[in-house]
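User: Please take a close look at the surroundings of the ligand in this model, and describe them in one connected account.

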Amino acid sequence: MTAPILSFRNVGVAYRKRLSLFAKKDWVLRDLNFDLYRGEVLGVIGRNGAGKSTLLKLFGNIIEPDQGSIQRHSGITSQLLTLNLGFNRKLTGEENALMALVTHGMTIKQAKMKIDDVIKFAELEHISSQPLKTYSAGQRARLGFSISIQAKPDILLLDEILGVGDKNFKQKSKALIKEKVNSHQTVILVSHSAKTIKNLCSKAIWIENGNIKASGCANQVTDLYLKAQQA
Ligand SMILES: Nc1ncnc2c1ncn2[C@@H]1O[C@H](COP(=O)(O)OP(=O)(O)OP(=O)(O)O)[C@@H](O)[C@H]1O
């Protein structure tokens, strides 16, 4: 069997309750143990505040664990697909997209070649040369989605990403995510929706009060989760 690309060993995260160095820390994740293999699509399900986004931050290397260790296969990159990129409101949609693509690792030349696709997918051709401050929240989110989806990290991290835009855009973005999921891309998908996890993921973990309540086949884990919600 091939080695995992990522292993969590007794991983925990604690946050301070207040902005004081002396404030007590509370554990929001504790003793997490699991392995992630290349090509797996792992769903993370759990109630509000269970610790799902914190877990994604660990995957994305945005925070370090306060307990235990995370072993990454060397050179493994991960990226959070986000709708709230650090846009500059004074620059146009096109300029923001260009900057973001370069920040994601493309050369200027590569970014310029991609820009039309990004704007077209976001359905913003009519306003791409207007400053971002004139965009609606939905238009900004569509631009963010369209930029993020261009990146090709080893592990793609998705946080409740499938609810952007109108019905047509939602369908289009779902189809694109499905394409990624079916293309040997390793994906970690956080969602409240058991249906989304069932449809897209091979494996799942259910986080409850910072611990793994169940893990394994996505169908079984989501069924257990749904049963517990109904009880
Ligand atoms: N930076 C932070 N400082 C202090 N507490 C935090 C911080 N970020 C999250 N928390 C707390 O940690 C717990 C887990 O939060 P997290 O956002 O990971 O949960 P979640 O499962 O993603 O929630 P949701 O489904 O509502 O998005 C919550 O109680 C939250 O209030």
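Analyst: What follows describes the surroundings of the ligand, and then one pair of helices. The model is a predicted one, and the residues around the ligand are Tyr15, Arg16, Val28, Arg47, Asn48, Gly49, Ala50, Gly51, Lys52, Ser53, Thr54 and His192. By residue class, this shell divides into three nonpolar, six polar and three charged residues.

Some of these residues also place polar atoms by oxygen atoms of the ligand. A polar backbone atom of glycine 49 is 2.8 Å from an oxygen atom of the ligand, and a backbone N or O atom of alanine 50 lies 3.1 Å from an oxygen atom of the ligand. With serine 53 the contact is made by the side chain, a polar atom of which lies 2.8 Å from an oxygen atom of the ligand. Of the 630 Å² that the ligand exposes when taken alone, the protein buries 57%.

Turning to secondary structure, strand E1 (6–16) and helix H1 (52–59) are the elements that give two or more residues to the shell around the ligand, and H1 supplies the largest share, three residues.

As for the helix pair, the axes of helix H3 (residues 108–121) and helix H4 (residues 137–148) come within 8 Å and cross at roughly 135°. H3 and H4 are therefore oblique to each other, and the crossing in which H3 passes H4 is right-handed.

Technical notes: Residues numbered from 1 in each chain as written. Predicted model: local features only at pLDDT ≥ 70, side-chain atom pairs only at ≥ 80, totals over all residues. Heavy atoms only, no water. Near = heavy atom within 4 Å. Polar contact = N/O pair within 3.5 Å; in protein donor to acceptor, adjacent residues only side chain to side chain. Areas by Shrake-Rupley, 256 points an atom, 1.4 Å probe, with all protein chains shown as cover. Helix = DSSP H or I, 4+ residues; strand = E, 2+ residues; numbered from the N terminus. Nonpolar A, V, L, I, M, F, W, Y, C, P; charged D, E, K, R; others polar. Axes fitted to C-alpha atoms, helices over the stretch in contact; angles between N-to-C directions. Parallel < 35°, antiparallel > 145°, perpendicular 65-115°, else oblique. Left-handed = near helix turned anticlockwise from the far one by under 90°.
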